[in-house]
Amino acid sequence: MRRTSAVIRYAGLWVSVAIATSLSSVAYAGAGVWTSGGPYGGSVTALAINPTTPTTLYAGTDGGGVFKSTNSGGTWANTGLTNLYIAALAVNPTAPTTLYAGTSTGGVHKSTNSGGAWAAANTGLTNLRARCRAAAPLR
């Protein structure tokens with residue numbers, strides 16, 4: 001009786017693993033349904049949308065950097081920012097190719113080409129923990 005119970009539990013474990021594996025690798029979408037399609041690199045901690053091209057999204061992650069999608073989140077690509085712990089993201093509303101990424105330990109980073117290249121923008125900052133970021137047009 002004991003051996004039979006152990007075999008059933010062991011077989012049940014493998015069935016559960018097989019089901020979980022198959023469900024995690026296939027995602028079906030429909031109206032009002034969320035599915036996993038990335039970005040992969042940690043928890044998403046910030047999200048920004050290009051105001052002139054709303055299909056272009058940016059996601060900041062806690063451990064994977066900044067990711068960009070140009071097809072409304074269908075696919076994601078890492079932008080290459082080397083500071084991986086993103087706390088905040090902002091898109092300049094009047095120049096949407098300019099992005100700001102606030103990081104947990106490296107201050108603010110700026111991209112002027114939609115995330116293609118990044119540079120530190122920390123002049124005048126005394127604390128490099130940038131948890132909140134907003135971009136407003138100059139008047």
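Begin by selecting G102, which stands opposite V108 of strand β7. The two strands to display around this point are β6, residues 99–103, and β7, residues 108–111, which pair in the antiparallel sense over four bridges; pairing here requires that DSSP find at least two bridges between two strands. What is on screen is a predicted model, in which local features need pLDDT of at least 70 and side-chain atom pairs count only at pLDDT 80 or more, while totals for chains, interfaces and linings use all residues. Residues are numbered from 1 along each chain as its sequence is written, and side-chain values use heavy atoms, with hydrogens and water left out.

Now widen the selection to the sheet. Its four strands follow the order β5-β6-β7-β8, with antiparallel pairing, and the sheet is open. The edges are taken by β5 (86–91) and β8 (119–120), each of which has a single partner strand, so one side of each is left without a neighbour in the sheet.

Zoom out to the whole protein, where there are one helix and eight strands, both being DSSP runs numbered from the N terminus (helices H or I, at least four residues; strands E, at least two). Colouring from the N terminus on, you meet the elements in the order α-β-β-β-β-β-β-β-β. Of the 139 residues, 30% are buried, where buried means under 20% relative accessible area, exposed over 50%, and partly exposed in between, with a 1.4 Å probe and protein chains only.

Next, show side chains for the largest nonpolar core, whose eleven residues are A46, A48, Y58, V66, L81, I86, L89, V91, L99, A101 and W118. Such a core is a set of buried Ala, Val, Leu, Ile, Met, Phe, Trp, Tyr and Cys residues joined through side-chain atoms within 4.5 Å. Strands β1 (44–49), β5 and β6 each supply at least two residues of this core, and the largest share, three residues, comes from β5. In soluble globular proteins, nonpolar side chains tend to be buried together. From this core, pick A46: not counting residues up to four places away in sequence, A46 touches Y58, A59, G60, A87, A88 and L89, a contact being heavy atoms within 4.5 Å.

Move to T56, in the loop between β1 and β2 (57–61). With a relative accessibility of 9%, T56 counts as buried. Leaving aside neighbours within four places in sequence, the residues in contact with T56 are A48, I49, N50, K68, S69 and T70. Draw a distance from the C-alpha atom of T56 to that of S72, 16 residues apart along the chain, and the separation is 6.1 Å.

S72 itself belongs to the loop between β3 (65–69) and β4 (77–78), and counts as partly exposed at 48% relative accessibility. Inspect its backbone as well, since S72 has a positive phi of about 60 degrees although it is not a glycine. For a second stop of this kind, go to S114, a residue other than glycine whose phi is positive and near 60 degrees. S114 lies in the loop between β7 and β8, and its 16% relative accessibility places it among the buried residues.

Finish at T61, in strand β2, a buried residue with a relative accessible area of 0%. Its side chain reaches the backbone nitrogen of G64 at 2.9 Å.

Technical notes: A polar contact is a pair of N or O atoms within 3.5 Å; within protein, one must be able to donate a hydrogen and the other to accept it, and residues adjacent in sequence count only if both atoms are side-chain atoms.
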